[in-house]
Amino acid sequence: MSEAVHPVPADFESRIGPAELDALNHRADTDTDGFWLEQARRLDWAKAPTRAGNWSFHEADFGIRWFEDGQLNLSVNCLDRHLAERGDKVALIFEGDEPGHTQRWTYRQLYEETCRFANLYRQKGVKRGDRVMIYMPMIPEAAAAMLACARVGAIHSVVFGGFSPESVAGRIEDCDAKLIVTADEGCRGGKRIPLKANVDKAIALCPRIDAVVVVTRTGGEVAMVEGRDIRWSDVRDTLPTEAEPEVMDAEDPLFILYTSGSTGKPKGVVHTTGGYATWAATTFDWVFGATDRDIFWCTADIGWITGHSYVVYGPLMNGATSVMFDGIPTYPGPDRFWETCDRLGVTIFYTAPTALRSLMREGDAPVTKHRRSSIRLLGTVGEPINPEAWEWYWRVVGDGRVPIVDTWWQTETGGILISPVPGAIDMKPGSATKPLPGIKPLLVDANHQVLEGATSGNLCLSHSWPGQMRTVWGDHERFFQTYFTAYPGLYFTGDGCRRDEDGYYWITGRVDDVINVSGHRIGTAEVESALVAHPLVAEAAVVAIPHDIKGQAIYAYVTLNAGESGSDELRKQLNQEVRQHIGALAAPERIQFAPSLPKTRSGKIMRRILRKVAEGETGGFGDVSTLADPSVVDQLVAGRNS
Ligand code: WT7
């Protein structure tokens, strides 16, 4: 691994230099509550909190609360508080799929649209604590629909537009959503996505939705159900542009976001109002440090946590200008990002390693034909960045003149935990560098030993932070079991990690049965259950294989019912099965038919062997003596090459 060190470029302007970062770390360690309450004071509170964290990771007194006596409304913090000074400042720049299909929304416009949505929710009987699902393209109305939930105290659950109707139905059912906001169609890379039609299919599977609000995006024809479906364009102008904000307790839930784990169906990750808001606002400021001159572009979709924290909430709480991009990196050509950066004057650009790898193979010309002179900071998120991609980002995109922030975090963490504070720390390509102030990572081994110094281990956190998830929706026990039992008293991230001699952290990837495909988290159990839903399939096991662009890809082993045999036609059907149950993002890269799977005598599948075979190894499988039938391994190896 490359251990090159890149010092912060001398002319990088930032409010936090090495001395300021030291002071923040010192304060966090010596006056912890004072430090956190000071971060909370970034927000406007209806009632300021007097208490910081109140948490325990131990079973007996398990619980996580932050700023619990405080009260606030998050839409007020994103909108109302800016109206006096920044009412006419651009809050969101919408950049559509076609270059130059751009709209600019000021803080005042976004405020008014949010209030309109809030009034519609109230008309439809949505009350504080009710769940609203949002299944939308990356259009400003989607941000308004989220902010309107915060305004009326409803809990939003945004579902990525790439998920199938069946996935939407599962989520509606799990959180018992009352209303859905969607659009007629999405439009990505020149292709249409039938969002409203998908919602109709989802509701057919799970008929408990009272109202569907349909925003016009493409103007494509959609079926409307009388008495249930409402066209936004029909009601918008009738709705008042003011709406009283609900005063929320800090610990009232703000949103649920579904994410995959190593077992079972997706978990509804619950974030609450005061702590999440504090952490999104604080980390946006520390890591990106946007000022009034900045145009901030995070390319993530609002269907993921990155879109929640760094397209919508973080930038808006800080009064920044945030770009909402409704396209893909390669449409209409591989220069889309850089052409758009120049045209919009983007100063801070934040994207995923997989996007960089897909652009890298197109060579430097699509980048260098644009000036990129407005860019002053680059960032990555979602998966480990290989040093080659980091160096390309640095040298070609950044012309070797701007810092890169490699930000490690998770849906569960609400915001960034390990990342350079640019201007304050030297960079090493492939390392997320060091924890942010107040964040306490530990590396532990399989025997629960906490490891010191330069070493590798499983990444845990010993102390809570305000943005930590509070529970799994409807299943608090699952929350505790999933994150706090592997290493009692610690939060276990599911990631492996190395710490070097300089105390830098190098995330090596998931150590559990979660696969990271293009920065999207896919649970092996979900893909397996989609595969076994096919009538000819007896059993399935999926593992990750390395992939040049996606980082990881899905390799599936499928055992058919006795007497059946595999074919390419069946592979197509199985692929379709996964698309139908989950979505195209979970489709396997390769399917191998296997007469049987390697199991221990107690029936546990040995994934270690499946991974090695998938990667093309033909020997060195280690101890196979615990297998019920060791000859299975040879069959698998033979099957891989056939
Ligand atoms: C998992 C979380 C955080 C928002 C996007 C993904 C991996 C994330 C990095 C990084 C190495 C990273 C981890 C983590 N990951 N960022 N900078 N370096 N790995 O959120 O879907 O909840 O996935 O993504 O494995 O556990 P998510």
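How do the residues of the shell around the ligand divide into nonpolar, polar and charged? They divide into six nonpolar, six polar and five charged, where Ala, Val, Leu, Ile, Met, Phe, Trp, Tyr, Cys and Pro count as nonpolar, Asp, Glu, Lys and Arg as charged, and the others, Gly among them, as polar.

The model is predicted, so that local features need pLDDT of at least 70 and side-chain atom pairs count only at pLDDT 80 or more, whereas totals for chains, interfaces and linings use all residues. Residues are numbered from 1 along each chain as its sequence is written, and side-chain values use heavy atoms, with hydrogens and water left out.

## The ligand site

The ligand is surrounded by 17 residues, of which Asp-406, Thr-407, Thr-411, Asp-495 and Arg-521 are the closest; a residue is near the molecule if one of its heavy atoms lies within 4 Å of it. At least two residues of this shell come from each of helix H10 (305-317), strand S20 (404-407) and strand S26 (505-510), the elements being DSSP runs numbered from the N terminus, with helices (H or I) of at least four residues and strands (E) of at least two.

The table lists polar contacts of the ligand, a polar contact being a pair of N or O atoms within 3.5 Å; within protein, one atom must be able to donate a hydrogen and the other to accept it, and residues adjacent in sequence count only if both atoms are side-chain atoms.

| Ligand atom | Protein partner | Distance |
|---|---|---|
| oxygen | N or O atom in the side chain of Thr-411 | 2.5 Å |
| oxygen | N or O atom in the side chain of Arg-510 | 2.9 Å |
| nitrogen | polar backbone atom of Glu-383 | 3.4 Å |

Of the 550 Å² of accessible area that the ligand has on its own, the protein covers 96%, with areas taken from the Shrake-Rupley method with a 1.4 Å probe and, for residues, only the protein chains shown counting as cover.

## Strand pairing

Strand S26, which supplies at least two residues of the ligand shell, also belongs to an open sheet of five strands in the order S22-S21-S23-S25-S26, with antiparallel pairing. Its edges are strand S22 (450-451) and S26, each of which pairs on one side only; two strands pair if DSSP finds at least two bridges between them. Five bridges link S26 in the antiparallel sense to strand S25 (residues 491-499), and Asp-495 has Arg-510 of S26 as its bridge partner. This pair bears on the ligand site, where Asp-495 is among the closest residues and the side chain of Arg-510 has an N or O atom 2.9 Å from an oxygen atom of the ligand.

Further along the sheet, S21 and strand S23 (residues 455-461) are antiparallel and share four bridges, while two bridges join S21 to S22, again antiparallel. Leu-443 takes part in both pairings, with Leu-459 as its bridge partner in S23 and Leu-451 as its bridge partner in S22. The hairpin of S21 and S22 has five residues between the strands, and His-448 there takes a positive phi near 70°.

Another hairpin is formed by S4 and S5, with six residues between them and a positive phi of about 85° at Gly-100 in the turn. Strand S4 (residues 90-95) and strand S5 (residues 102-106) run antiparallel and are joined by five bridges, and Val-90 has Thr-106 of S5 as its bridge partner.

## Backbone in the loops

The peptide bond from Tyr-331 to Pro-332 is cis, with omega near -5°, and Pro-332 sits in the loop between strand S17 (321-325) and helix H11 (336-344). Thr-433, a residue other than glycine, has a positive phi near 65° and is found in the loop between S20 and strand S21 (441-444).

## Cavities and a pocket

The structure holds two cavities of 30 Å³ or more. On a 1 Å grid over the protein atoms alone, a cavity is a set of points where a 1.4 Å probe fits but cannot get out, whereas a pocket is an open set with protein on both sides within 12 Å along at least five of seven lines, and lining residues have an atom within 4 Å of a point. Grid points are joined across faces, edges and corners, and a volume is the space filled by probe spheres set on the points.

The largest cavity has a volume of about 50 Å³, and its lining has seven nonpolar, three polar and no charged residues, including Leu-72, Met-248 and Thr-273. The second largest cavity holds about 30 Å³ of space, and its lining comprises seven nonpolar residues, one polar and one charged; Arg-171 and Trp-304 are among the lining residues.

The second largest pocket has a volume of about 420 Å³. Of its 22 lining residues, Phe-12, Glu-13, Ser-14, Arg-293 and Arg-376 are the closest to its centre, and by class the lining has ten nonpolar, four polar and eight charged residues.
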